[in-house]
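Student: I'd like a close look at one small part of this structure, taken slowly. Could you pick a charged spot and walk me through what surrounds it?

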Amino acid sequence: MKKIIFILTLCLLMVLVGCNTETPPAAPEPDEQAEPETPEEPEEEPAAEVTILLAAAASLKNCIDKELIPMFAEKHPNITVDATYDSSGKLQAQIEEGADVDVFMSAAMKQMNALNDKGLIKKGTIVELLENKIVLILPIDSLTEIASFEDILKAETIAVGDPESVPAGQYAKESFENLGIWEDVSAKASLGTNVTEVLSWVAAGSADAGVVYATDAASNENVKVVAEAPEGSVSKVIYPIGIIDATTKLEAAQIFTEFLQSEEALSIFEKYGFTAN
Amino acid sequence: MDWSPMLISLKTASVSIIITFFIGILAAKSVVGMKSDKVRIVIDGLLTLPLVLPPTVLGFFILLILGVKRPLGKFLLDFFSVKIVFSWTATVIAAVVVSFPLMYRSARGAFEQVDKNLIMAGRTLSMSERKIFWRVTMPLALPGIASGGVLAFARALGEFGATAMVAGNIANKTRTLPLAIYAEVAAGNMEGSYGYVAVVVIISFVVLSLMNYFTIKGSKYNNKDELK
């Protein structure tokens with residue numbers, strides 16, 4: 001009996017160890033869309049190899065990890081970019097605690113401004129890089145005649161984030177309030193507790209229309225975007241980027257942030273639903 | 001405090017228990033009467049499955065059947081203009097699916113505990129099977145069935161996961177007590193959920209006490225029969 005237990009324990013250990021030593025994720029494939037021969041500026045290139053750490057909002061993970069970092073690595077082989085993703089508020093707190101971050105990209109101006117007010121961002125490096133639009137989505141095969149935010153009352157059920165707890169829901173409410181239809185919208189609204197729930201309700205056709213971020217809409221092929229929130233009806237959702245004041249790798253950090261502002265980087269962001277600001 | 005979630009929850013639980021009660025008994029009776037053990041094991045497993053599956057998986061299956069892009073859901077929508085998902089009916093369907101196994105298993109247990117000798121005795125007195133069921137089996141199994149009923153009612157009242165998926169969270173329509181509690185807490189408003197939580201706890205406690213009452217009454221009833 002003891003022997004059996006011993007063998008079982010051994011098996012279990014092996015399985016556990018096996019899990020830990022799983023092969024590291026394969027090196028990301030070079031992006032096909034990368035422009036073939038962009039002349040580099042050799043005088044800016046640091047001679048030694050450096051690694052910089054980017055702290056970015058979780059909603060940026062896919063496009064940065066899958067496309068932008070590999071693209072950057074190809075252009076600047078001696079600069080390695082490590083990235084950490086979390087909610088902007090948590091990243092802000094980590095940077096305040098002195099985390100070894102070189103570049104910060106947040107999902108709202110609030111966190112960047114808070115860091116800037118404390119003098120933690122290098123002067124003049126904040127760029128309001130991207131905008132994430134608030135959009136109206138319908139199920140992909142929807143036949144309803146909804147073409148604008150004002151039309152949404154034609155929908156039988158509307159999916160929006162709960163304005164009490166979901167930022168996307170707050171923006172939706174703000175927009176509908178400015179259009180003067182929030183009362184009517186909320187009467188037929190199913191309030192999601194996060195924006196993904198809203199997205200999946202519309203994708204399944206359970207709700208006839210919904211309001212989410214443009215990046216969410218771009219991530220799901222079962223929904224279509226029919227309108228952006230009318231200009232001026234809602235505050236802009238800006239994704240700013242800034243270099244941390246305490247960085248010891250300023251040169252590399254600058255090269256990276258300039259890369260993110262380049263046309264080709266912006267076109268990748270746009271592919272994922274962002275708008276260049 | 002907004003009373004609509006309570007009314008919706010009570011309405012949903014009341015309607016769903018009526019449905020669950022009858023199909024639960026019907027299913028239990030058929031399974032108990034099955035001749036083949038193998039078939040019974042498989043059918044029993046399928047009928048009990050909703051008890052152990054996460055409610056989100058049940059919601060997934062309901063959507064798979066009734067979602068507007070699925071055959072049945074599409075058929076209902078195209079031909080009858082009936083959209084089940086995100087309607088109040090959807091809360092009832094979710095409640096029936098999750099509470100059914102409790103009703104079914106309690107009823108099954110109650111039927112199986114009925115003394116076979118009494119049924120045989122009925123047969124020797126040339127009672128019809130239907131009469132035996134209504135005059136012998138049912139009265140003896142009733143306490144177990146009743147306790148299954150209250151348990152299923154309590155479960156229907158507390159249903160959250162499947163409901164959120166198939167019925168959404170629409171105020172005055174599909175926002176049940178558990179959804180209201182979840183939304184309040186997600187918004188960081190613990191105080192706002194106190195009332196709802198108190199209602200759920202009180203109703204559930206009353207229901208469980210009722211169940212115990214039925215069980216105790218039932219055992220006395222059965223013992224008396226044995227004494228006779």
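Tutor: Sure, let's start with B:R155, which is partly exposed because its relative accessibility is 27%. Keep in mind that this is a predicted model. B:R155 has a salt-bridge partner, B:E159, and their closest N and O atoms are 3.4 Å apart. That partner is the part I'd zoom in on.

So where does B:E159 sit? Look at the loop between α7 (129-157) and α8 (161-167) of chain B. Is B:E159 buried or exposed? B:E159 has a relative accessibility of 2%, and the cut-off for buried is under 20%, so B:E159 counts as buried. The salt bridge therefore pairs a buried residue, B:E159, with a partly exposed one, B:R155.

Now follow the side chain of B:E159 towards the backbone. One polar atom of that side chain lies 3.0 Å from the backbone nitrogen of B:T163. The side chain also reaches the backbone nitrogen of B:G161, at 3.2 Å. And what else is around B:E159, once you skip its neighbours within four places in sequence? You'll find contacts with B:P55, B:A94, B:A95, B:V98, B:T176 and B:P178.

For another charged spot in chain B, hop over to B:D44 and B:R105. These two form a salt bridge, with the closest N and O atoms 3.2 Å apart. The pair ties together distant parts of the chain: B:D44 is in helix α2 (residues 37-52) and B:R105 in helix α5 (residues 88-113), 61 residues apart. B:D44 counts as buried because its relative accessibility is 12%, while B:R105, at 37%, is partly exposed.

Helix α5 of chain B also holds B:R108 and B:E112, four residues apart, or about one turn of the helix. They form a salt bridge too, at 3.0 Å between the closest N and O atoms. Here B:R108 is the buried one, since its relative accessibility is 14%, and B:E112 comes out as partly exposed at 38%. Put these pieces together and you get a network of salt bridges linking B:D44, B:R105, B:R108 and B:E112.

Over all chains, the count comes to 18 salt bridges. Two of them are between chain A and chain B. In one you can look up, the side chains of B:K83 and A:D208 meet at 3.0 Å, N to O.

Conventions:
Residues numbered from 1 in each chain as written. Chains lettered and ligands numbered in written order. Predicted model: local features only at pLDDT ≥ 70, side-chain atom pairs only at ≥ 80, totals over all residues. Heavy atoms only, no water. Salt bridge = Lys/Arg side-chain N within 4 Å of Asp/Glu carboxyl O. Helix = DSSP H or I, 4+ residues; strand = E, 2+ residues; numbered from the N terminus. Buried < 20%, exposed > 50% of the residue type's maximum accessible area, 1.4 Å probe, protein only. Polar contact = N/O pair within 3.5 Å; in protein donor to acceptor, adjacent residues only side chain to side chain. Contact = heavy atoms within 4.5 Å.
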